[in-house]
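Reader: I'd like to go through this one with you and ask how each label was earned. Can you put it up?

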Amino acid sequence: MTNGPHKFVAGFGAIASGVVQRAKVSGVLRNPLVRYAMLAIAATSIMIVALSPLTSIMVEGWSRRDIDLRSRLVFQSIRDQLASGMVANSGFDLVPFFERFAEDERLMALGFCTEDGELRYATKRLPKSVSCMDLARAKTDTFAIASDQDRRIHISVFPVNAGSVNGHLLVLHDLGYVDERTREARLYAVFSLIGVAVGLGMLATAFVLALMRGWTRSIRGAIAIARHGGDIAGRQRGHFPISRELHALLSELRVEPKFADGIHVEWSPKTLHRLLGEELPGAEVLVVSNREPYIHNHANDSISLQIPASGLVAALEPVMRACGGTWIAHGSGSADRETVDRNDRLRVPPADPTYTLRRVWISEEEQDGYYYGFANEGLWPLCHIAFVRPNFREGDWNQYVAVNERFANVVVQEANCQDPIVLVQDYHFALLPRLIRSRLPRATIITFWHIPWPNSETFGICPWREQIIDGLLGSTILGFHTQFHCNNFIEATDRFMESRIDREAASVTLRGHETLVRPYPISIEWPPAALARQAPVQECRSAVAQRYALPADARLVIGIERFDYTKGILDRIRAVDDLLCRQPEWKGKLVFIQAAAPTRSKLGAYRALQTEAESLVDQVNARHGDGTYKPILLVIRHHEPDEVFELFRAADICIVSSLHDGMNLVAKEFVASRDDEQGILMLSSFAGASRELSEALIVNPYDTHGMAEALSAALRMPEGEQRDRMRLMRDQVRQRNVYRWAAQMLLDAARLRRRERIIAASATK
Ligand code: F6P
């Protein structure tokens with residue numbers, strides 16, 4: 001009885017191992033090479049089985065005719081002597097005479113039978129089984145095969161008439177050598193067939209390989225033409241039917257270039273890396289931005305590492321990890337100088353270095369003019385419609401020019417070739433493309449403007465508008481998040497510059513240099529690295545509820561960003577207030593956590609925002625809260641990506657209510673963090689992200705009551721609807737991830753580089 005379970009387990013094991021074996025065998029059988037080899041072996045075996053009896057029949061027939069002839073020759077050569085000996089002397093003994101003949105190695109025996117069936121003379125090896133009685137009846141020469149003790153014997157019988165003595169001469173051959181010969185012939189035939197099969201196989205393989213090489217060449221040519229926009233129908237028609245079909249197919253695909261260009265490519269670090277290798281082989285990649293991806297700060301007695309709260313860093317960092325190269329940025333951390341080598345470089349990410357960070361030092365005075373002044377008090381409010389007045393000061397402008405020049409010199413220092421690919425980032429470096437172009441004329445400069453570009457009336461406010469546009473038009477490609485911002489830039493160029501604008505090709509030519517102006521909606525890495533380190537959603541909720549002492553079962557609404565006046569932080573606080581006024585049943589059951597990272601605090605507008613936000617939160621909490629319950633928690637500090645993702649996962653609703661935003665990657669990060677397909681995104685229609693994430697609840701942040709209504713709808717949204725919306729948004733972010741963003745710019749750059757090379761080559765002819 002006790003054996004029962006063991007037997008069961010053993011039996012199950014045997015079945016399982018049988019299944020595994022079968023699975024392995026069927027896996028091997030699926031290999032086309034194995035299948036073709038087995039087919040060839042089977043065909044050869046069938047031919048061998050069919051042809052080997054034929055060989056035996058042929059050899060046997062041929063040997064028998066040979067022996068018949070030999071026997072007759074023996075008979076003819078002894079017939080006369082035999083007759084005359086017997087006629088002359090009836091006591092004549094023929095045995096010694098016969099034995100001499102039988103010395104021949106193939107001749108086995110000779111004998112003479114009288115007419116009465118008596119064996120009168122016989123050599124020693126004549127088998128006992130041979131009987132004269134049967135043979136004596138033969139009237140003519142007769143040949144037969146008989147068996148004796150497992151061997152085959154050929155017996156030839158010749159009638160002899162010698163007057164009074166008549167009889168038959170028996171000539172016997174052992175057929176052993178014929179059998180041996182048949183075996184050998186069969187063996188040769190088998191080997192020959194195998195040889196022929198192997199030879200034919202090799203010939204066929206060589207032929208197929210040659211054929212395939214032709215096809216591959218033809219396919220490569222067709223794809224190259226298709227990829228580079230050539231006329232497939234008219235050129236490169238192959239001689240093979242497959243080639244013609246392929247050309248037709250590729251022609252069809254060209255009708256939908258977008259389809260071939262990316263939608264069906266799963267963009268990842270791997271595909272991006274491959275793209276670089278294939279489309280831009282050996283190209284050197286340099287990135288320039290103000291914000292660095294890793295900041296080292298003094299913290300008590302040690303040095304801490306900080307990843308800044310920056311959409312630019314969140315997007316560019318994974319791209320650099322995939323591509324390698326050098327990232328040139330302002331070293332802004334208090335311990336940054338202590339963590340670089342003597343060339344101001346360090347390898348990053350610190351845990352697993354894949355690219356170089358080159359830090360550039362900026363004095364406080366320069367920082368005040370270039371970063372706080374011209375970039376953030378001038379260009380930032382100019383480009384964002386957030387109704388904060390831009391301030392332009394000449395001193396700031398001069399610092400801006402000087403710092404741009406410093407970075408241009410560093411680019412030249414870091415470049416190891418004359419034609420690197422330089423990715424210039426954002427409004428801090430509007431002059432840099434032109435400055436790099438004058439130092440490295442063959443560089444491919446891709447500039448990306450991460451913030452909106454205003455309409456031309458607004459842009460016209462800037463006293464250095466021409467210099468800004470001129471600087472940017474040093475780029476090979478100038479990218480914005482949306483077509484709308486591209487149009488605004490082209491309008492401003494049209495209005496303020498003497499240039500040639502080709503609206504169809506979306507390009508601007510200034511002093512003979514052409515710049516493409518294209519939309520490239522930025523995104524995030526997929527899957528986000530921080531997600532891999534997250535606990536299940538329920539655990540995130542409990543951790544956040546405990547940390548912030550949330551009421552049991554409270555619905556959680558969050559907002560996470562830099563404390564910037566463009567983000568609409570005040571507007572969402574007002575919307576929560578409005579909801580609690582109109583629907584007081586939510587009091588005690590709803591908490592809004594606003595995590596805000598301090599930013600640009602040196603500037604009055606930012607300090608004023610913080611003061612206003614704090615006082616507004618106090619008012620709302622006083623109006624709707626009590627001793628323990630606070631409907632709004634304002635958490636002003638930097639949050640590392642892991643904390644940000646935990647908050648995203650704990651939330652029921654995430655509000656992104658930018659008053660104006662190029663893209664807003666917080667919206668995409670929230671969607672990416674929700675692998676449970678739950679949670680609702682409330683998204684401003686003035687953020688570029690709303691063009692892609694249309695399943696979010698799209699809101700106007702200036703409409704307080706409208707936002708409160710959307711919040712109310714979100715709080716009541718059934719799980720099924722949340723899932724449907726979240727699924728679609730997740731698909732969108734997965735497919736249009738940051739690798740695709742980089743790939744699209746690099747693909748355009750590769751095409752332009754090829755075109756430039758062709759033009760340069762034809763100019764030298
Ligand atoms: O939106 C432009 C941008 O460069 C973002 O990419 C980023 O989130 C933010 O500004 C960073 O600002 P700063 O580097 O001044 O902190």
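Reader: What makes the pair between Tyr371 and the ligand a polar contact?

Author: A polar side-chain atom of Tyr371 sits 2.4 Å from a ligand oxygen, and a polar contact is a pair of N or O atoms within 3.5 Å, so the pair counts. Keep in mind that this is a predicted model, where local features need pLDDT of at least 70, side-chain atom pairs need 80 or more, and totals for chains, interfaces and linings use all residues. Residues are numbered from 1 along each chain as its sequence is written, and side-chain values use heavy atoms, without hydrogens and water.

Reader: Which distances put Arg291 and Leu312 in contact with the ligand?

Author: A side-chain N or O atom of Arg291 is 3.0 Å from a ligand oxygen, and a polar backbone atom of Leu312 is 3.0 Å from a ligand oxygen.

Reader: How much of the ligand does the protein cover?

Author: It's 91% of the 390 Å² that the ligand has accessible on its own (Shrake-Rupley method, 1.4 Å probe).

Reader: Why are H8 and H24 called roughly parallel?

Author: Helix H8 (residues 269-279) and helix H24 (residues 738-764) pack at about 5°. Angles under 35 degrees count as roughly parallel, so that's the label H8 and H24 get. Their axes, lines fitted to C-alpha atoms over the stretch in contact, are 10 Å apart.

Reader: What touches what there?

Author: Contact means heavy atoms within 4.5 Å; among the residues making it are Leu272 and Leu276 of H8 and Leu746 and Ala750 of H24.

Note on methods:
Axes are lines fitted to C-alpha atoms, for helices over the stretch in contact, and angles run from 0 to 180 degrees between N-to-C directions. Helices (H or I, at least four residues) and strands (E, at least two) are DSSP runs, numbered from the N terminus. Angles under 35 degrees count as roughly parallel, over 145 as roughly antiparallel, 65 to 115 as roughly perpendicular and the rest as oblique. A polar contact is a pair of N or O atoms within 3.5 Å; within protein, one must be able to donate a hydrogen and the other to accept it, and residues adjacent in sequence count only if both atoms are side-chain atoms.
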